[in-house]
Amino acid sequence: MNIFIMNKSDLVEVLYEQQKKRGISKAAIKDFLESMTDQMAYMLKRYKKISHPALGVLQVKKRTKRLARNPRTGDMIEVEEKKHVVFRPSTRVKQKINES
């Protein structure tokens, strides 16, 4: 199984290669991605859910307070309640992933 981790500069490069014929600069793409990320974080914080029919749903969920074991010491510790983001892909994305 091949694993490729795409970081922000990789994504900027891919998008630039797709859009350079339109005259869009790497700086503009980078600014757009940063703005989009900031806006998505704001929307998730405020509304708890973002839905895009072609992409899927991003939703804030809570992890309840729980006991866990510290792997280094073996001691039981209390992990505080916290929020995390869950992504549920759309049917279209699932189909694209499963294409041969």
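User: Accessible areas here come from the Shrake-Rupley method with a 1.4 Å probe, and for residues only the protein chains shown count as cover. What share of the accessible surface of the protein belongs to carbon and sulfur atoms?

Analyst: This is a predicted model, in which local features need pLDDT of at least 70 and side-chain atom pairs count only at pLDDT 80 or more, while totals for chains, interfaces and linings use all residues. Residues are numbered from 1 along each chain as its sequence is written, and side-chain values use heavy atoms, with hydrogens and water left out. The accessible surface of the protein comes to about 8,800 Å². The share belonging to carbon and sulfur atoms is 54%.

User: In what order do the helices and strands run from the N terminus?

Analyst: Helices (H or I, at least four residues) and strands (E, at least two) are DSSP runs, numbered from the N terminus. The protein has three helices and five strands. Their order is α-α-β-β-β-β-β-α.

User: What is the radius of gyration of the protein?

Analyst: The radius is taken over C-alpha atoms, and the globule rule is 2.2 Å times the number of residues to the power 0.38. The C-alpha trace spans about 60 × 40 × 30 Å along its principal axes. A compact globule of 100 residues would have a radius near 13 Å, but that of the protein is 19 Å.

User: Which residue of helix α2 meets Lys8 in a salt bridge?

Analyst: A salt bridge is a side-chain nitrogen of Lys or Arg within 4 Å of a carboxyl oxygen of Asp or Glu, and the structure holds five. One of them has Lys8 as a partner, at 2.8 Å from N to O. It links distant parts of the chain, as Lys8 lies in helix α1 and its partner, 26 residues apart, in helix α2 (residues 26-47). That partner is Glu34.

User: Is Lys65, which pairs with Glu78, buried or exposed, or in between?

Analyst: Buried means under 20% relative accessible area, exposed over 50%, and partly exposed in between (1.4 Å probe, protein chains only). The side chains of Lys65 and Glu78 meet in a salt bridge at 3.6 Å, N to O. Lys65 is in the loop between β2 (56-63) and β3 (66-69), and Glu78 is in strand β4 (residues 76-79). Because its relative accessibility is 48%, Lys65 counts as partly exposed.

User: What share of the residues of the protein count as buried?

Analyst: The protein has 100 residues. Leu11, in helix α1 (residues 8-19), is not among the buried ones because its relative accessible area is 31%. The buried share is 12%.
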